[in-house]
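Here is a set of short exercises to work through with the model open beside you. Try each task before you read its solution.

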Amino acid sequence: MNAPELAIGRRALAARPQEAKPGVDLGGGLAHSLAAMISLPRASALAVGQLSDPAILRVLAKSVAITLAIFGALGWLLALWMNQLLAAGGIADPDGLTPLIAIAGTVIGGWLLFRIVALFVLQFFAEDVVRAVEARHYPGAASTARELSFTVGLSNGLRSLARTLIANLVAAPFAIALLVTGIGTIVLFWAVNAWLLGRELQDMVWLRHRAENEETAPMSGSSRLLMGGVFAALMYVPFVNFLAPVLGAATATHMVHRKRAGMVHA
């Protein structure tokens with residue numbers, strides 16, 4: 001079969017996918033990936049454009065304040081534990097190094113654990129972000145959305161926290177082995193958290209709109225992974241990481257509704 005005939009055959013199969021034989025690659029995976037790459041910048045731009053919305057600013061202020069309070073409390077507990085440890089060993093701390101060590105430990109721990117804590121906190125306010133985006137851009141969907149109770153939010157947050165901890169603990173031995181590569185550990189944790197974050201951000205929106213618990217979410221795996229990868233990377237950037245969870249929830253709202261409306265075939 002010459003090249004023109006082969007091209008015609010491929011087009012015919014693509015037009016009648018039900019007749020395609022198993023194993024024939026029609027480029028669907030590539031199409032999904034390209035569509036995700038095209039739609040994500042648009043959704044992110046819309047999310048950034050709504051940052052001045054008072055509803056979004058309120059969520060941002062609350063989530064940042066609570067997240068910082070959690071890490072502050074952890075730092076205080078760390079300092080208290082170190083003082084007790086030194087006292088039990090009869091060791092004095094004349095130079096006042098304990099608070100400095102506790103602050104350093106909190107900063108390092110905060111950088112490593114920020115994504116876990118920030119996403120857990122955002123679970124309680126995510127509905128406000130989603131509602132604000134839907135009110136401005138998708139009023140029809142907003143009118144049919146289900147309201148999620150505090151109990152549901154807590155349950156989702158705890159499940160998300162458990163998934164994150166388990167996945168990162170499973171990845172930890174491999175991450176330690178990759179330390180010799182210099183960058184392998186960071187890449188591994190980024191990939192794990194990209195997968196987790198993509199699902200969490202999607203579910204913040206999708207749980208409000210699915211008709212049944214078994215209904216499949218509209219976003220493809222490539223779309224979720226790409227979205228999760230972008231915002232997982234942003235959460236490692238100081239100061240930007242405070243915006244990343246809220247921007248991620250707003251972006252996910254656009255991504256889910258654009259897929260539901262068939263505006264992007266991904």
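**Exercise 1: The largest pocket**

The largest pocket holds about 440 Å³ of space. Keep in mind that this is a predicted model.

Task: Find which elements give two or more residues to the lining of the largest pocket, and sort the lining by class.

Solution.
- Step 1. Start from the centre: among the 24 lining residues, Gln123, Leu148, Asn156, Asp203 and Leu207 lie nearest to it.
- Step 2. Move out to the elements. Those that give two or more residues to the lining are α5, α7 (150-177) and α8.
- Step 3. Sort the lining by class, and you get 8 nonpolar, 7 polar and 9 charged residues.

**Exercise 2: The second largest pocket**

Task: Work out which element gives the most to the lining of the second largest pocket, and how the residues of that lining divide by class.

Solution.
- Step 1. Take the volume: the second largest pocket contains about 340 Å³ of space.
- Step 2. Look around its centre. Of the 14 residues in the lining, Leu112, Asn168, Phe189, Asn193 and Tyr236 are nearest to that point.
- Step 3. Assign the lining to elements. At least two residues come from each of α4, α7 and α8, and α4 gives the most, with 5 residues.
- Step 4. Classify the lining: 10 residues are nonpolar, 3 are polar and 1 is charged.

**Exercise 3: Asparagine 193**

Task: Is asparagine 193 buried or exposed, and which residues beyond its sequence neighbours is asparagine 193 in contact with?

Solution.
- Step 1. Place the residue: asparagine 193 belongs to helix α8, which covers residues 184-206.
- Step 2. Apply the cut-off. Asparagine 193 counts as buried because its relative accessibility is 4%, and buried means under 20%.
- Step 3. List the contacts. With neighbours within four places in sequence left aside, asparagine 193 is in contact with Arg115, Thr164, Asn168, Ala232 and Tyr236.
- Step 4. Return to the second largest pocket: Asn168, Asn193 and Tyr236 are among the lining residues nearest its centre.

**Exercise 4: Two cavities**

Task: Which residues line the largest cavity, and which line the second largest cavity?

Solution.
- Step 1. Count the cavities of 30 Å³ or more; there are 2.
- Step 2. Take the largest cavity, with a volume of about 60 Å³. Its lining consists of Ser63, Val64, Thr67, Phe114, Ala118, Asn241, Phe242 and Pro245.
- Step 3. Map that lining onto the helices: α3, α4 and α10 each supply at least two residues. By class, 5 are nonpolar and 3 are polar, with no charged residues.
- Step 4. Turn to the second largest cavity, where about 40 Å³ of space lies. Trp111, Leu112, Phe114, Arg115, Ala232, Met235 and Tyr236 form its lining.
- Step 5. Here α4 gives the most, with 4 residues. The classes come to 6 nonpolar, no polar and 1 charged.

**Exercise 5: The largest nonpolar core**

Task: Identify the element that gives the most to the largest nonpolar core, then follow the contacts of methionine 227.

Solution.
- Step 1. Pick out the residues that touch the most other members. In this core of 43 residues they are Leu122, Val129, Leu197, Leu201, Met204, Met227 and Val246.
- Step 2. Add the elements that give two or more residues to the core: α2 (28-49), α3 (54-88), α4 (97-122), α5 (126-137), α8, α9 (221-234) and α10 (240-260). The most come from α10, with 8 residues.
- Step 3. Trace methionine 227. Not counting residues up to four places away in sequence, methionine 227 touches Leu40, Gly198, Leu201, Gln202, Met219, Thr251, Ala252 and Met255.

**Exercise 6: Phenylalanine 239**

Task: Why does phenylalanine 239 count as exposed, and where does phenylalanine 239 lie?

Solution.
- Step 1. Locate phenylalanine 239 in the loop between α9 and α10.
- Step 2. Check the backbone: phi of phenylalanine 239 is near 75°, a positive value in a residue other than glycine.
- Step 3. Use the cut-off. Phenylalanine 239 counts as exposed because its relative accessibility is 69%, and exposed means over 50%.

**Exercise 7: The whole chain**

Task: How many helices and strands are there, and what percentage of the residues count as buried?

Solution.
- Step 1. Count the elements: the protein has 10 helices and 0 strands.
- Step 2. Turn to burial. Of the 266 residues, 39% count as buried.
- Step 3. Look at the contacts between residues at least 6 apart in sequence: 78% of them join residues at least 24 apart.
- Step 4. Finish with the surface. The protein exposes about 14,800 Å², with 71% supplied by carbon and sulfur atoms.

Conventions: Residues numbered from 1 in each chain as written. Predicted model: local features only at pLDDT ≥ 70, side-chain atom pairs only at ≥ 80, totals over all residues. Heavy atoms only, no water. Buried < 20%, exposed > 50% of the residue type's maximum accessible area, 1.4 Å probe, protein only. Contact = heavy atoms within 4.5 Å. Core = buried A, V, L, I, M, F, W, Y, C linked by side-chain atoms within 4.5 Å. 1 Å grid on protein atoms, 1.4 Å probe; cavity = no way out; pocket = protein on both sides within 12 Å on 5 of 7 lines; lining within 4 Å. Points joined across faces, edges and corners; volume = space filled by probe spheres on them. Nonpolar A, V, L, I, M, F, W, Y, C, P; charged D, E, K, R; others polar. Areas by Shrake-Rupley, 256 points an atom, 1.4 Å probe, with all protein chains shown as cover.
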